[in-house]
Amino acid sequence: MGSLANDQNGVIPYQGLPYFTPANNGGAAIKPESPATPTLFRPLQIRQLALKNRIIVAPMCMYSCQSDPSSPSVGALTDYHVAHLGHLALKGVGLVIVEATAVQANGRISPNDSGLWQEGTESEQFKGLKRVVDFVHSQGAKIAVQLAHAGRKASSMPPWVAQEAGKRSLRADQTVGGWPHDVVGPSGGDEQIWAPGDGFWAPRELSTAEVEDVVKAFAKSAELAVKAGVDTLEIHGAHGYLVNQFLSPVTNKRTDKYGGTFENRTRILREISAAIRAVIPEDMPLFLRISATEWLEDKFSESWTLESSIKLAKILPEIGIDFLDVSSGGNHKDQVLEPHTNYQIDLASRIRKEIRQSGQKTLIGAVGLITEATAASQIVQGSDIDEAHTAESMVAGSDAQADAVLLARQFLREADWVYRAAKSLGVPITTPKQLGRAV
């Protein structure tokens, strides 16, 4: 902790760490209520959570956790994650979302993925998460954990290992900590392998009781994350992982209560949300990431489409979801996808427009190929920025496409993106004490 002398000199330490750092809050607009401040740098309130700006670090798998299943540190975040995520917090983001964190050991994408299935607050997984949470908070950012289960895409190698072998993906067997005989999905068999070749394992079908256990596992991990101090949680229902697999009629061929109709296919999500809501504070928001479309409309007579997502979005308030993080694809190798600058922004915009017209206020996050400050600002502001500045009631812009933006790879390229965005948009912001002379 900081010494009394330091405190008297105006260097106030952050009290949540066993070592000294000034309490920082970089990236906040100095005049957030000024008409000149674009929406991107205005606070966003989600239940009790107040974000200082609308810029969110999207969850990014780093494949950098201990993989040895016999180690107590398997799946635990490390100093690498403190450095990686803590640095982004230092550089002014409003919210950091920790990478996909498995609620069961067989729910990891790779053996080197993050997990939060161990019992109790003395586990290495809990302690690793808490260290990251505490440091991110010390830099003035909020933090979330994306809770996930990889389903049929589990037990694969980190991508760079596959690339070094000249492949797009590569299965992980027991010799590297994999679990080839316990890869699971809503439906099983060779026809449910995500892609042919040696990249993925054939899943086995989860029993009804096992699906119920998955729901309980999400709640258990959520409870531990709250104890570690996170500000919010995100359910991973996108990119072809387990929840997404249940939602889609392409990958869900079940005949029990979790398969068939839209109501049955969305049941696992509704139950996960209810189970998490039961163990987290009432005023804590809950996020959901979805693939708004599978991009399979031309390949299958039935698939998960934008219309399916709009239908789902309209019931989110009933199941306790406050923020919808809109991505797409990843559930089938035959997806027909041609990425362009706004390909996912347009999906987010359509969903937001539909739910606003129905009188709902679920917040929408846009993600995908967002690299420039002006584009990010317009996504949350609306294209007519001058009009949006004319009154406080227009703060979100008359044609805003989303309420917040999520960036991932751009932060890997440019960790100080928030500061550069503020400079580009002419927004005076706060800076960390240690960096003030250079920003």
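## A salt bridge to start with

Let's begin with a pair of charged side chains: Lys-257 and Glu-212 meet in a salt bridge, with 3.0 Å from N to O. The two sit in distant parts of the chain, 45 residues apart, with Lys-257 in the loop between α6 (242–247) and α7 (262–265) and Glu-212 in helix α5. Lys-257 counts as partly exposed at 33% relative accessibility, and Glu-212 is partly exposed too, at 31%. Bear in mind that this is a predicted model.

## Other charged pairs

How many salt bridges are there by this rule? The count comes to 19. One of them joins Arg-47 to Asp-322, where the closest N and O atoms are 2.8 Å apart. Arg-47 lies in the loop between β1 (44–46) and β2 (49–51), while Asp-322 is in the loop between α10 (316–319) and β11 (323–327), so this pair ties together parts of the chain that are 275 residues apart in sequence. Is Asp-322 buried or exposed? Asp-322 is buried, with a relative accessible area of 14%, whereas its partner Arg-47 is partly exposed at 37%.

Asp-334 and Lys-333 also pair up through their side chains, at 3.1 Å from N to O. Both ends are partly exposed: Asp-334 has 30% relative accessibility and Lys-333 has a relative accessible area of 43%. Arg-47 and Asp-322 come back here as well, since salt bridges with shared partners join Arg-47, Arg-277 and Asp-322 into one network.

## The nonpolar cores

In soluble globular proteins, nonpolar side chains tend to be buried together. Here, the largest nonpolar core takes in 113 residues, and those with the most contacts inside this core are Phe-41, Leu-233, Ile-276 and Trp-417. Which helix gives the most to this core? That would be α5 (residues 208–227), with nine residues. The same helix holds Glu-212 from the opening salt bridge.

Phe-41 is worth a look on screen. Setting aside neighbours within four places in sequence, Phe-41 is in contact with residues including Gly-27, Ala-29, Lys-52, Asn-53 and Ile-55. Further along the chain, its contacts include Val-418, Ala-421, Ala-422, Leu-425, Val-427 and Ile-429. There's also a second, separate core of eight residues, with Ile-109, Ala-150, Ala-154 and Val-183 among them.

## The largest pocket

Rolling a probe the size of a water molecule over the atoms shows where empty space is left. In this model the largest pocket holds about 1900 Å³ of space. Its lining is made of 50 residues, and Tyr-63, Lys-153, His-239, Tyr-241 and Arg-409 lie nearest the centre.

Which elements give two or more residues to the lining of the largest pocket? They are α4 (159–164), β13 (404–407) and α14 (409–413). The largest share, four residues, comes from α14. By type, the lining residues divide into 26 nonpolar, 17 polar and seven charged.

## A glycine inside a strand

Last stop: Gly-365, found in strand β12 (residues 363–367). Gly-365 is buried, with a relative accessible area of 0%. Not counting residues up to four places away in sequence, Gly-365 touches Phe-323, Leu-324, Asp-325, Val-326, Ala-348, Ala-402, Ala-404 and Leu-406.

For a sense of distance, try Val-214. Gly-365 and Val-214 are 151 residues apart in sequence, and their C-alpha atoms are 26 Å apart in space.

How values were computed
Residues numbered from 1 in each chain as written. Predicted model: local features only at pLDDT ≥ 70, side-chain atom pairs only at ≥ 80, totals over all residues. Heavy atoms only, no water. Core = buried A, V, L, I, M, F, W, Y, C linked by side-chain atoms within 4.5 Å. Buried < 20%, exposed > 50% of the residue type's maximum accessible area, 1.4 Å probe, protein only. Contact = heavy atoms within 4.5 Å. Salt bridge = Lys/Arg side-chain N within 4 Å of Asp/Glu carboxyl O. 1 Å grid on protein atoms, 1.4 Å probe; cavity = no way out; pocket = protein on both sides within 12 Å on 5 of 7 lines; lining within 4 Å. Points joined across faces, edges and corners; volume = space filled by probe spheres on them. Nonpolar A, V, L, I, M, F, W, Y, C, P; charged D, E, K, R; others polar.
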